[in-house]
Amino acid sequence: MTATLEAPASDQTERIAERLLKASKARSWDPDTEVDWDAEPVAGRFYMPERLVTLYGTPLWDTLSLDQKIELSKHEVSSIAAAGIWFELILDQMLIRHIYTQDPTTSHVRYALTEIEDECRHSKMFARLIETLGTPVYGPPPAIRSVGTLLKTRARGVEAFAATLIIEEVLDAGQRELARDESVQPVVRQVCGIHVAEEARHLSFARGELEREVPKLGRIHLEVARIYCAIVARLASRNMVSSQVYAAIGLDPKGTAKVVRSSKARVETEAELAKRLVRFLSDVDLIGGPSAPLWKLGGIELPARPRR
């Protein structure tokens, strides 16, 4: 009995994949050789722009010494790297499921495999960054990992690519700023520069899938996908930085996390970083209906537009 594969990719899908394959060949980097892992940290430099540190803008931030602020920025970068590994392992699994029954000779599948290859390289790069920084390996707590397991196991089609876009956009928005800021430690800028450049292709791939597939959804499936997006976005933003990082500078993790959650400055920063993501999801109709209040709880201002 001959196995039957899914219908072949459309011409448009193949053209997008072919363009991304060419870009991958032209602009991919080997972190082992492109990042100066042996360089000594530059004295007095932060590991991320001050305004992106979670405590920035709170009264507690003003009580910290410069050394404490810099040390906290280092541990937060390390925590983001650990979360990035967790997210990318989830994305790898969703992409593999996506292409499992598809024709492996298509450019669409070949690009998906190329993206998985990129993500594996990025995970190794983030792991080496954590090792270089000399911090504990942070990451989401067990309960959140269990939720992530449930969400990624159930994700198919639109939900899988929406999760990919949300997670990568959350990482990308802050890392673009890190890569540009010359006051940030060089090793972090180099890592972020590679990640941002290569993730641009992954974001393009996910956007193309969503633009094509969301209009095909029925009303019930659309509402489920909208709620799924809001939950994933909330989980991603809340678990990018572990509360355990505060112990590195002598602060109580639980109490400090409460300070961060009540910080107006932090809410504004997260909303600013999410602007591009929210605009796109709104444009493709993945924000609206029962999911809208979930976004607003995080301080996100939703663009006004007619809903289907």
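Helices (H or I, at least four residues) and strands (E, at least two) are DSSP runs, numbered from the N terminus. This is a predicted model, in which local features need pLDDT of at least 70, side-chain atom pairs count only at pLDDT 80 or more, and totals for chains, interfaces and linings use all residues. Residues are numbered from 1 along each chain as its sequence is written, and side-chain values use heavy atoms, with hydrogens and water left out.

**Exercise 1. Describe the overall build of the chain.**

Step 1: Begin with the elements. The chain has 13 helices and 0 strands, and its pattern along the sequence reads α-α-α-α-α-α-α-α-α-α-α-α-α.

Step 2: Turn to compactness. The radius of gyration (taken over C-alpha atoms) is set beside the globule rule, 2.2 Å times the number of residues to the power 0.38. The chain has a radius of gyration of 20 Å, close to the 19 Å that the rule gives for 308 residues, so it is as compact as a globular protein of that length.

Step 3: Add the dimensions. The C-alpha trace spans about 65 × 45 × 30 Å along its principal axes.

Step 4: Look at contacts, meaning heavy atoms within 4.5 Å. Of the contacts with a separation of 6 or more, 82% are between residues 24 or more positions apart.

**Exercise 2. Describe the surface and the charges.**

Step 1: Take the area, computed by the Shrake-Rupley method with a 1.4 Å probe; for residues, only the protein chains shown count as cover. The chain exposes about 14900 Å², and carbon and sulfur atoms supply 56% of it.

Step 2: Take the charges. Lys and Arg count as positive and Asp and Glu as negative, while His and the chain ends are not counted. Each charge is placed at NZ of Lys, CZ of Arg, CG of Asp or CD of Glu. There are 41 positive and 43 negative charges, and their mean positions are 6 Å apart.

**Exercise 3. Find the nonpolar cores.**

Step 1: Sort residues by burial: buried is under 20% relative accessible area, exposed is over 50%, and partly exposed is in between (1.4 Å probe, protein chains only). Buried residues make up 52% of the 308 residues.

Step 2: Apply the core rule. A nonpolar core is a set of buried Ala, Val, Leu, Ile, Met, Phe, Trp, Tyr and Cys residues joined through side-chain atoms within 4.5 Å. The largest has 52 residues, and those with the most contacts inside it are F87, L165, L210, L281, L286 and W295.

Step 3: Trace its elements. Those giving two or more residues to this core include α1 (11-26), α4 (66-99), α5 (107-133) and α12 (275-283).

Step 4: Look for another core. A second, separate core has 35 residues, among them Y47, L52, I249 and V260. In soluble globular proteins, nonpolar side chains tend to be buried together.

**Exercise 4. Place residues of the α12 to α13 region.**

Step 1: Find D285. D285 lies in the loop between α12 and α13 and counts as buried at 6% relative accessibility. Its phi is near 75°, a positive value in a residue other than glycine. Most residues other than glycine have a negative phi.

Step 2: Move to A292. A292 lies in helix α13 and is buried, at 14% relative accessibility. The C-alpha atoms of A292 and A230 are 7.9 Å apart, though 62 residues separate them along the chain.

Step 3: Finish with W295. W295 sits in helix α13 (residues 292-297) and is buried, with a relative accessible area of 5%.

**Exercise 5. Compare the settings of R156 and V170.**

Step 1: R156 is in the loop between α6 and α7 and is partly exposed, with a relative accessible area of 47%. R156 and R97 are 59 residues apart in sequence, with 8.0 Å between their C-alpha atoms.

Step 2: V170 is in helix α7 and is partly exposed, with a relative accessible area of 25%. Leaving out residues up to four places away in sequence, V170 touches A236 and M240.
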